[in-house]
Amino acid sequence: MKTYKRLERREFLRVDFETSVKYSVCSDEQVTSAASGLTKNISASGILFTTNQKLDVGTYIAISLDKHTLTDVVEIDDSVIVVDSKLLGKVVRTEELVADKKYDIGISFLRSDSEDYDDEVAQIISILKGE
């Protein structure tokens with residue numbers, strides 16, 4: 001039987017990390033009430049969690065995970081956008097696990113020095129700050 005070795009394209013190592021997570025869906029007009037999920041893994045660039053809410057690719061979310069606790073698991077750099085202890089991220093992958101009931105959501109953390117930092121992100125940050 002042949003075995004194949006796949007080229008790893010990730011820039012950062014993923015670490016299995018299971019804990020509850022709260023998140024809010026964000027737009028340039030509003031931030032929804034918090035929903036919850038369960039993390040599966042994390043890296044310096046993002047997080048994978050399971051939830052019962054389908055989130056579309058491109059959706060912005062604010063994740064309530066303590067950045068200082070996370071640094072015990074992985075090193076998250078200072079360019080990751082954190083507002084009131086919430087990490088700002090963007091949905092990059094959604095996988096349906098159980099039809100209309102359970103989803104894996106892949107999030108890429110937003111960075112202040114990235115091309116994703118635009119007027120919409122700036123408005124979301126203002127809303128999260130209560131401005």
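The legends below describe close-up views of a predicted model of one protein chain.

**View 1. Overall arrangement of the chain.** The predicted chain contains 2 helices and 8 strands. Read from the N terminus, these elements follow the order β-β-β-β-β-α-β-β-β-α. Of the 131 residues in the chain, 37% are buried. Among contacts with a separation of 6 or more, 64% join residues that are 24 or more positions apart. The exposed area of the chain is about 8,300 Å², and carbon and sulfur atoms supply 44% of this area.

**View 2. Strand β8 and its two partner strands.** Strand β8 covers residues 102-109 and is mostly covered, with 6 of its 8 residues buried. Strand β4, residues 46-51, pairs with β8 in the antiparallel sense over 6 bridges. Within this pairing, phenylalanine 49 has isoleucine 105 of β8 as its bridge partner. Strand β7, residues 86-98, also pairs with β8 in the antiparallel sense, here over 8 bridges.

**View 3. The hairpin of β7 and β8.** Valine 98 stands opposite lysine 102 of β8. The hairpin has 3 residues between its strands, and aspartate 100 adopts a positive phi near 55° there.

**View 4. The largest nonpolar core.** In soluble globular proteins, nonpolar side chains tend to be buried together. The largest such core in this model has 19 residues. The residues with the most contacts inside this core are Ile47, Phe49, Leu55, Ile61, Ile63, Ile107 and Phe109. Strands β2 (20-26), β4, β5 (60-64), β7 and β8 each contribute at least two residues to the core. The largest share, 4 residues, is supplied by β8. A second, separate core has 11 residues, including Ala62, Val83, Ile124 and Ile125.

**View 5. The surroundings of phenylalanine 109.** Phenylalanine 109 is one of the residues with the most contacts inside the largest nonpolar core. When residues up to four places away in sequence are not counted, phenylalanine 109 touches Ile42, Ser43, Ala44, Ser45, Gly46 and Ile47, among others. Its further contacts include Ile63, Ile76, Val80, Leu87, Leu88 and Gly89.

**View 6. The aromatic pair of tyrosine 23 and phenylalanine 49.** A pair of aromatic rings is described by the distance of the centres and the angle of the planes. The count for this model comes to 1 aromatic pair. The ring centres of tyrosine 23 and phenylalanine 49 are 5.1 Å apart and the ring planes stand at 45°, so the pair is classed as tilted. Because tyrosine 23 belongs to strand β2 and phenylalanine 49 to strand β4, the pair ties together parts that are 26 residues apart in sequence. Tyrosine 23 and phenylalanine 49 are both buried.

**View 7. Threonine 59 in the loop between β4 and β5.** Threonine 59 is found in the loop that lies between β4 and β5. Its relative accessibility is 17%, and threonine 59 therefore counts as buried, the limit being under 20%. A polar atom of the threonine 59 side chain lies 2.7 Å from the backbone oxygen of aspartate 56. With neighbours within four places in sequence left aside, threonine 59 is in contact with Val25, Gly89, Lys90 and Val91.

Key. Residues are numbered from 1 along each chain as its sequence is written. This is a predicted model: local features need pLDDT of at least 70, side-chain atom pairs count only at pLDDT 80 or more; totals for chains, interfaces and linings use all residues. Side-chain values use heavy atoms; hydrogens and water are left out. Buried means under 20% relative accessible area, exposed over 50%, partly exposed in between (1.4 Å probe, protein chains only). Two strands pair if DSSP finds at least two bridges between them. A nonpolar core is a set of buried Ala, Val, Leu, Ile, Met, Phe, Trp, Tyr and Cys residues joined through side-chain atoms within 4.5 Å. Contact means heavy atoms within 4.5 Å. Rings of Phe, Tyr and Trp (its six-membered ring) pair if their centres lie within 6.5 Å; planes under 30 degrees apart count as stacked, over 60 as edge-to-face and the rest as tilted. Accessible areas come from the Shrake-Rupley method with a 1.4 Å probe; for residues, only the protein chains shown count as cover. A polar contact is a pair of N or O atoms within 3.5 Å; within protein, one must be able to donate a hydrogen and the other to accept it, and residues adjacent in sequence count only if both atoms are side-chain atoms.
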